[in-house]
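Reader: I should be grateful for a close examination of the aromatic residues in this model. Please place them in the setting of the chain as a whole.

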Amino acid sequence: MKDLKISGLKLPFYAIALVLSIVSIYTNTLPSGMIGAFLVLMIFGELFNLVGNHTPIINTFFGGGAIVCIFGGAAIVYFKVAPESVIKNTSTFMKSGGFLDFYIAALITGSILGMNRKLLIKACLRYLPCILGAVFLSLLFVAIGGMLFGMNFKETTAYIGIPIMGGGMGAGAVPISKVFAPTLGVKTEVILAKLVPAVALGNALAIVSGGLLNRLGKSFPKLTGNGMLVRNTGDDFKVEKEEDNSQATVIDYGAGIIVATSFYTLGSLIALGMKMLGVNIHTYAWMIISVAIVKMLNLLPKEVVKPAEIWYSFVAKNFTSALMLGIGIAYTDLGQIISSFSFQYLILCALVVLGAIIGAGVVGHLVGFYFVESAITAGLCMANMGGTGDVAVLTASDRMELMPFAQISSRLGGAFIILLASFLVPIFFG
C-alpha cells in the first residue's frame, strides 16, 4: 500500500486531498467554477476508477473504472449524496464550461494524427470494408430484432446498435449523444442515459464472445490464423512501426492544445457553412473528416503532429476518469437507465454483437483475412469499450498480437460511427 499512487500521488497525499475535498463539499466552501469542479472530478474520478479496475467481474466484463465512474456519478445525483450546488457547478463545467468538447477535441485529433499513415491508408482499402460489414450487419440485426419485439426499428438502431458500435464512452457514446441532441430536440443527458446501458452490455458481451471465438478457432482450424490476420503470408498488409525517440517537452503540450482546438474550430466553421446550405451535420463529424484527410495527405509536419499526439496521451491518461465521473453527474439519469433495462434489451444487445462478428468475419474472409481474426478485430473491437475493451477482448481471445488492428477499430471505426450517426439521425428522425 505504501507504493500505491492515485492520480500520481502517493496514498497519504491523496488521502489529504480527498479529506479536504469532502470537508469543503459538506461545509459549502468548495470553490465555484473550474477549480471546484476539477478538484471533485479528479479526486473522486480516480478513486472510482481504482475501485472499478480492481473489482472482479466489473473489471473483466463491464469496462472497469469507466463504468464505475459513470454509474457512481449518476448515483451521486440520483441519491442526492452531494449538495445541489456541487452537482450544479460540476454540470456547468461539463456542459457550458466546455470540458467535454475540450476532451473530445484532444481525443479525435491526437488519435487520428498519431496513427501510422501507411496503416491508415491500407486500413481504408482493405480493413475498413470489414468494419463496414460489421456495422451494417449489426445494425440490420438489431433493427430486425427490434421489429420482432414490436419496437421501433429506428430507435433500436439509434439507441442500441450505434452506441455499442461507437467505440466506448469518451470517443463513442458521449459525442454520439451530442450529435443526436440537436436533431431530436432532446437534452443530451436524456439521450446519453439511453446509450450508457447499451455500451456497458455490449462491452461485456464482446469480451465473452472473444473467448467463444477462440474456442471456435480451435474447433475449426481453417477459420483462424492463430493471431495472424491475413491468410496469404506474402501479403504486404503489415504493421510498420514508426520510430520516434524524441522526448516530450512542456512546450509540446501547449502546441498540442492549439492543434486540437484549431481542428475543433475548423469543424465548427465547416458545420456552420454547411448548415447555411441546408446540410446539418455535427461539428465532430467535420472535425474527423478534416483530421483524417490531413493525415492521409501528410499535410502536417512531424513537429505539429507530435504535440497533438502528446497532448492526446496526456488528456487520455489524466482526464478520462474525471470526464467519466462528470458524464455520470451531468449527463446520466440513473432512474431512466434502471427503467429501460429488460430481457428484450439484453437480446437486442447480443444481436448487435452477433451481427458485428458475422459481418466482419464474412467480409474479412472475402478480402483475404481469417474469419476469427477479422471477427475479433473489426467486429468485437468495434463493439467493446475502446482501449480497455480492446485489451479485454484480445486477452479473452488469446490474440494480443492483433492490438494494432484493434486500435484501428477503436480509433477509425469509432470515428466512422460518429460520422454515420451524423448522417442517419437526420434521416431517421428529421
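Author: The radius of gyration used here is taken over C-alpha atoms, and the globule rule is 2.2 Å times the number of residues to the power 0.38. For the 430 residues of this chain, the rule gives a value near 22 Å for a compact globule; the protein chain has 21 Å, so the two agree. The model is a predicted one. Taken along the principal axes, the box filled by the C-alpha atoms is roughly 65 × 55 × 55 Å. The secondary structure consists of 19 helices and two strands. Of the contacts between residues at least 6 apart in sequence, 79% join residues at least 24 apart.

The aromatic residues may now be considered. A search of the whole structure yields eleven aromatic pairs. Two of these pairs share F319. In the pair of F38 and F319, the ring centres are 5.5 Å apart and the planes stand at 50°, so this pair is classed as tilted. The two partners come from distant parts of the chain, 281 residues apart: F38 belongs to helix α2 (residues 33–53), whereas F319 occupies the loop between α13 (302–318) and α14 (320–331). The pair of F314 and F319 has its ring centres 5.7 Å apart and its planes at 80°, so its geometry is edge-to-face. The assignments follow from the cut-offs, because planes over 60 degrees apart count as edge-to-face and those under 30 degrees as stacked, with the rest tilted.

The three rings can also be described by their exposure. F319 has a relative accessibility of 11% and therefore counts as buried, since the limit for that class is under 20%. F38, with a relative accessible area of 23%, is partly exposed. F314 is likewise partly exposed, at 29%. These three residues belong to one aromatic cluster, whose other members are F93, F99, F102, Y253 and W311.

Another aromatic residue, Y159, has a charged partner: K194 lies over the face of its ring, at 4.5 Å from the ring centre.

The wider setting is the interior of the chain. In soluble globular proteins, nonpolar side chains tend to be buried together. Here, buried residues account for 53% of the 430 residues. The largest nonpolar core has 134 residues, and the members that touch the most others are M94, I160, M165 and F180. Among these, M165 may be followed further: setting aside residues up to four places away in sequence, it touches A134, V135, S138, V352, A356, G379, M382, A383 and I417.

A polar residue can be buried as well. S177, in helix α9 (residues 169–184), has 0% relative accessibility and so counts as buried. Apart from neighbours within four places in sequence, S177 is in contact with T188, I191, L192 and L195.

The outer surface completes the picture. The accessible surface of the chain comes to about 18,800 Å², and carbon and sulfur atoms contribute 68% of that area.

Two loop residues deserve a remark on backbone geometry. Most residues other than glycine have a negative phi. N298, in the loop between α12 (283–296) and α13, has a positive phi of about 55°. D398 also has a positive phi, near 60°, and is found in the loop between α18 (386–396) and α19 (403–429). At 58% relative accessibility, D398 counts as exposed.

Conventions
Residues are numbered from 1 along each chain as its sequence is written. This is a predicted model: local features need pLDDT of at least 70, side-chain atom pairs count only at pLDDT 80 or more; totals for chains, interfaces and linings use all residues. Side-chain values use heavy atoms; hydrogens and water are left out. A nonpolar core is a set of buried Ala, Val, Leu, Ile, Met, Phe, Trp, Tyr and Cys residues joined through side-chain atoms within 4.5 Å. Buried means under 20% relative accessible area, exposed over 50%, partly exposed in between (1.4 Å probe, protein chains only). Contact means heavy atoms within 4.5 Å. Rings of Phe, Tyr and Trp (its six-membered ring) pair if their centres lie within 6.5 Å; planes under 30 degrees apart count as stacked, over 60 as edge-to-face and the rest as tilted. Helices (H or I, at least four residues) and strands (E, at least two) are DSSP runs, numbered from the N terminus. A charge sits over a ring if NZ of Lys or CZ of Arg is within 6 Å of the ring centre and within 35 degrees of the ring normal. Accessible areas come from the Shrake-Rupley method with a 1.4 Å probe; for residues, only the protein chains shown count as cover.
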